[in-house]
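Colleague: Please take a close look at the salt bridges of this model, and follow one of them into its surroundings.

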Amino acid sequence: MRVDLQGSDLWKRFHEIGTEMIITKAGRRMFPAMRVKISGLDPHQLYYITMDIIPVDNKRYRYVYHSSKWMVAGNADSPVPPRVYIHPDSPASGETWMRQVISFDKLKLTNNELDDQGHIILHSMHKYQPRVHVIHKERGEELSHVRAVPQGDGTRTLSFPETTFTTVTAYQNQQITRLKIDRNPFAKGFRDSGRNRTMTQHTSRLCKDYLTKKESDGVLHQMTWPPQSPHLNPIEMVWDELDRRVKKKQPTSAQHMWELLQEGWKSILGEAG
């Protein structure tokens, strides 16, 4: 059996920079999405195709802006509940799987540990590796989206090093932001020409005329302003740290969570001061 990653050139471009994937409470789709082509299956055998995402290591990371690198920031947060995405065409014959590109574009990533939508639960600022599993129907009957994939005879597991990524709540590396905008077909609205092309609230004629006049008067200098830039949106990093501190205390009620949020916020302010 052979499994080929589709769009591998794009994955490699992201990997060279350091792929980042946004995670949200509601769930966010991956870009690039995992898409594979499988050959060498028994045409008459029924298979389940699934995907899970596992930690690369037991570390938590932070992005260092002046050197544009990810650095280890400490030990990983406690493990999250296992989640498996079962491809909606499962089970299907080997013949059916082999004549199509198998896409996991509907899979979503979340940082909500109480998620009940079947999304893959991950921690922010951790490194992960997606894995594709090809499972004989007999083993597939044991499958559940809330249990680890059954291993052993009847299960083949494959992964691609270029698909590893770091989870974030806002893009840290501006090269990643630009590449996502340039290559994601759903980011057409950001690919306008001209300055501030990625911030649509700055593209009204009135706003552009005002900024151009101020620049010609020497009052200001316009800059390209990518969305979700951590340099211009540092509060995202604070929210992530606050979320981590509250989770460690394991709130037992809404009131307890509110008290922990206040306590965590004060401690962050104290460290910053």
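Modeller: In this predicted model, D4 forms a salt bridge with R2, the closest N and O atoms lying 2.9 Å apart. The term denotes a side-chain nitrogen of Lys or Arg within 4 Å of a carboxyl oxygen of Asp or Glu. D4 is partly exposed at 28% relative accessible area, whereas R2, at 52%, counts as exposed; buried means under 20%, exposed over 50% and partly exposed in between, with a 1.4 Å probe and protein chains only. Residues are numbered from 1 along each chain as its sequence is written. Local features need pLDDT of at least 70 and side-chain atom pairs count only at pLDDT 80 or more, while totals for chains, interfaces and linings use all residues, and side-chain values use heavy atoms, leaving out hydrogens and water.

The whole structure holds nine salt bridges. One of them joins R131 and D52, at 2.8 Å from N to O. This pair links distant parts of the chain, 79 residues apart, with R131 in strand β13 and D52 in strand β5; strands (E, at least two residues) and helices (H or I, at least four) are DSSP runs numbered from the N terminus. D52 is buried, with 6% relative accessibility.

The strands of this pair also meet through the backbone pattern. β5 and β13 run antiparallel and are joined by nine bridges, where pairing requires that DSSP finds at least two bridges between two strands. Within this pairing, I49 has V134 in β13 as its bridge partner. β13 also runs antiparallel to β14 (residues 155-159), with five bridges, and there H133 is partnered by T157. With β15 (residues 165-168), also antiparallel, β13 shares two bridges, and Y128 stands opposite F165. Because seven of its ten residues are buried, β13 is largely enclosed by the rest of the structure.

Both strands contribute to the largest nonpolar core, as β1 (2-5), β4 (35-39), β5 (46-55) and β13 (127-136) each give two or more residues. That core has 29 residues, and M30, M34, I53, F104 and L109 have the most contacts inside it; a core is a set of buried Ala, Val, Leu, Ile, Met, Phe, Trp, Tyr and Cys residues joined through side-chain atoms within 4.5 Å. β5 gives the most, with four residues. Leaving aside neighbours within four places in sequence, L109 is in contact (heavy atoms within 4.5 Å) with residues including M30, I53 and F165.
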